[in-house]
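User: Please go through this model with me by way of questions, and let each answer show its reasoning before it settles on a value or a name.

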Amino acid sequence: MTLASRLAAVALASLLATGTAFAQTAAPAAKTDTAATADKKAPKERSAESLECSKQADAKGLHGKERKKFRSECIKSAKAGTAAPAADKK
């Protein structure tokens, strides 16, 4: 391999490596309305039903999709006025 072909290979490799840095898009501009962003950052208050269902899910050791499904059913049943959701289907 000659010196010229080595230099060409190095130049091509560096061009490919730095090309992705130039392809990145700029971050979107920040909104100037601080009141609206303050509302979005404030944590939402959770209902008593939601907190109770979270405690039940924790007690059962549920995680992921199972936890989400359990909490959804639990909250629906709590708001409907029934005692507890259906038993866990494990």
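The questions below go from the overall fold to single residues and their contacts.

User: What is the order of the secondary structure elements in this protein, from the N terminus on?
Analyst: Since this is a predicted model, what follows describes a prediction. The secondary structure comes to 4 helices and 0 strands. Read from the N terminus on, the order of the elements is therefore α-α-α-α.

User: What percentage of the residues in the protein is buried?
Analyst: A residue counts as buried when its relative accessible area is under 20%. The protein has 90 residues, and the buried ones make up 12%.

User: How much of the exposed area do carbon and sulfur atoms supply?
Analyst: The protein exposes about 7,800 Å² in total. One contribution to the nonpolar surface is a patch of about 340 Å² made by Leu12, Leu15 and Leu16, and of these residues Leu12 has its place in helix 1, residues 3-22. For the protein as a whole, the part of the exposed area that carbon and sulfur atoms supply is 62%.

User: Among contacts between residues at least 6 apart in sequence, what share joins residues at least 24 apart?
Analyst: A contact here means heavy atoms within 4.5 Å. Taking the contacts in the protein between residues at least 6 apart in sequence, those that join residues at least 24 apart come to 31%.

User: Which cysteines form the disulfide, and which helices do they link?
Analyst: A disulfide is a covalent bond between the sulfur atoms of two cysteines. The count comes to 1 disulfide, and it joins Cys53 to Cys74 with an S to S distance of 1.9 Å. The two cysteines are 21 residues apart, and the pair links distant parts of the chain, with Cys53 in helix 3 (residues 48-60) and Cys74 in helix 4 (residues 64-80).

User: Is the link of Cys53 and Cys74 left-handed or right-handed?
Analyst: Both Cys53 and Cys74 are buried. The angle about the S-S bond of Cys53 and Cys74 is -80°, and the link is left-handed.

User: With which side chains does the side chain of Ser50 make a polar contact?
Analyst: Ser50 has its place in helix 3, and because its relative accessible area is 8%, Ser50 counts as buried. Not counting residues up to four places away in sequence, Ser50 touches Arg71 and Ile75. The side chain of Ser50 makes one polar contact at 2.5 Å, with the side chain of Arg71, and another at 3.4 Å, with the side chain of Arg46.

User: Which residues does Ser54 touch, not counting residues up to four places away in sequence?
Analyst: Ser54 also belongs to helix 3, and at 8% relative accessibility Ser54 counts as buried. The C-alpha atoms of Ser54 and Arg67 lie 8.5 Å apart in space, although the two residues are 13 residues apart in sequence. With residues up to four places away left out, Ser54 touches Arg46, Arg67 and Arg71.

User: Which side chains meet in the salt bridge?
Analyst: Side chains of opposite charge can pair when their charged atoms come close. The structure holds 1 salt bridge. Asp58, one of its partners, is exposed, because its relative accessible area is 52%. The distance from N to O is 2.7 Å, and the side chains that meet are those of Arg67 and Asp58.

User: Is Lys55 buried or exposed?
Analyst: Lys55 has its place in helix 3. Lys55 and Arg71 are 16 residues apart in sequence, and their C-alpha atoms are 9.7 Å apart in space. The relative accessible area of Lys55 is 57%, and the cut-off for the exposed class is over 50%, so Lys55 is exposed.

User: Is Phe70 buried or exposed?
Analyst: Phe70 has its place in helix 4. Its C-alpha atom is separated by 9.1 Å from that of Gln56, a residue 14 residues apart from Phe70 along the chain. The relative accessibility of Phe70 is 6%, which is under the 20% cut-off, so Phe70 counts as buried.

Note on methods
Residues numbered from 1 in each chain as written. Predicted model: local features only at pLDDT ≥ 70, side-chain atom pairs only at ≥ 80, totals over all residues. Heavy atoms only, no water. Buried < 20%, exposed > 50% of the residue type's maximum accessible area, 1.4 Å probe, protein only. Areas by Shrake-Rupley, 256 points an atom, 1.4 Å probe, with all protein chains shown as cover. Disulfide = S-S within 2.5 Å. Polar contact = N/O pair within 3.5 Å; in protein donor to acceptor, adjacent residues only side chain to side chain. Patch = residues over 30% accessible without salt bridge, like charges linked within 9 Å, V, L, I, M, F, W, Y side chains within 5 Å. Salt bridge = Lys/Arg side-chain N within 4 Å of Asp/Glu carboxyl O.
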